Amino acid sequence: MTDNRPIAFFGEVMLRISPPGRELLLQTNQFQVHVGGAEANVATGLASLGHATRMVTAVADNPMGAAITRELRGRGVDTSTIVAETGRVGLYFLQPGAGLRASEVIYDRSHSVFADRSPDAWDWEAALSGCQRLHLSGITPAIGPKTAAAAVAAAEAASARGIPVSFDGNYRAKLWEAWESDPKSVLTQLVGHADILFGNHRDVSLLLGKTFSGDGPERRREAAEAAFAAFPKLRLMASTARHVDAADSHRVSARVDTRDGGFQTREVLISGIVDRLGAGDAFAAGVLHGLLERGNPEQAARAGLALTALKHSLPGDASLFTRADLAAFESGVMDVRR
């Protein structure tokens with residue numbers, strides 16, 4: 001029986017600002033605006049697939065904050081635990097890549113309402129009430145000391161209530177390096193609470209202070225086994241392998257490891273990429289969907305691959321695809337659906 005209780009997501013929701021097409025940021029006098037944020041993207045992806053999701057965050061008490069809340073509510077996400085306070089929303093600017101020119105992200109998140117909120121201000125009882133799971137990412141603690149403390153407090157509150165925690169490594173060097181941070185210490189605390197880790201050999205290398213290679217399934221399995229040995233609560237690790245041929249042509253496969261073994265999908269070619277950002281969040285949503293529906297690591301890996309591949313076709317940060325879209329992808333039929 002499917003668990004209909006909501007999954008809680010704690011993290012900052014921002015506005016993404018990018019030029020149209022493949023223009024440079026200051027080449028244009030027009031910008032496109034999307035609502036995004038790692039945890040909100042996963043919440044949206046799961047809500048589009050019919051699951052109950054709840055966003056726990058703080059936004060500015062102004063029209064931009066109201067627009068963020070309205071957008072998430074329109075996507076089917078429970079916004080009752082979003083608070084609006086005086087201040088600013090976080091922004092980030094995306095300069096899309098093309099051909100052999102890589103995309104670039106510029107952050108403008110300092111002193112946002114979410115970043116400056118006291119770790120003691122969050123009401124974890126209300127945020128986690130009735131929830132089946134809490135989902136966090138490594139972006140939240142990377143923003144600054146207050147959000148790092150809040151992320152750890154959220155994980156501790158969930159664990160104290162017997163609520164499982166899933167964690168996406170999402171290492172962002174630009175954010176961690178902007179303050180006197182200790183990412184290994186903070187991330188180790190968070191992964192220690194998790195039963196599901198979205199991460200790869202690079203994340204495990206950072207956590208354990210030992211270099212692991214992602215060259216081939218056997219070495220990826222070695223990294224997963226090291227993570228399982230280091231973190232007793234961890235029961236599943238999910239990751240993608242990406243080979244970038246050009247900005248709009250990537251080859252991607254998905255892998256799910258449990259303590260008993262691992263499953264890796266075939267590699268798919270994703271060409272004509274519209275928007276890569278949020279693809280990792282779509283993968284996380286797909287894996288969680290597969291686990292919620294069938295509890296099967298193989299099906300979770302396949303659902304994660306399908307949703308991340310589909311996300312590359314959609315502008316914006318979030319996956320808006322339905323179960324019918326997943327079924328159509330898995331059928332392999334690419335012709336017009338009439």
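Strand β2, covering residues 14-18, is a good place to start in this predicted model: 5 bridges tie β2 to β3, and the two strands run antiparallel. To find this pairing on your screen, look for Met14, which sits opposite Gly36 of β3.

From there, widen the view to the sheet that holds this pair. The sheet is open and has 4 strands, arranged in the order β3-β2-β6-β7, with mixed pairing. What leaves one side of β3 and of β7 without a neighbour in the sheet? Both β3 (32-36) and β7 (104-108) stand at the edges and have a single partner strand each, so there is no strand of the sheet on their other side. As for the twist, neighbouring strands here are turned against each other by 25° on average, with direction ignored.

Now step back to the whole chain, which contains 13 helices and 14 strands. How does its radius of gyration fit with that of a compact globule? For 338 residues, such a globule would come out near 20 Å, and the chain has 19 Å, so the two agree. Measuring along the principal axes instead, the C-alpha trace spans about 50 × 50 × 40 Å.

The contacts and the surface fill in the picture. Taking the contacts in the chain with a separation of 6 or more, 67% are between residues 24 or more positions apart. Of the 338 residues, 54% count as buried, meaning under 20% relative accessible area. The accessible surface of the chain amounts to about 14800 Å², and carbon and sulfur atoms contribute 51% of that area.

Definitions and conventions: Residues numbered from 1 in each chain as written. Predicted model: local features only at pLDDT ≥ 70, side-chain atom pairs only at ≥ 80, totals over all residues. Heavy atoms only, no water. Pairing = 2+ DSSP bridges. Axes fitted to C-alpha atoms, helices over the stretch in contact; angles between N-to-C directions. Rg over C-alpha atoms; globule rule 2.2 N^0.38 Å. Buried < 20%, exposed > 50% of the residue type's maximum accessible area, 1.4 Å probe, protein only. Contact = heavy atoms within 4.5 Å. Areas by Shrake-Rupley, 256 points an atom, 1.4 Å probe, with all protein chains shown as cover.
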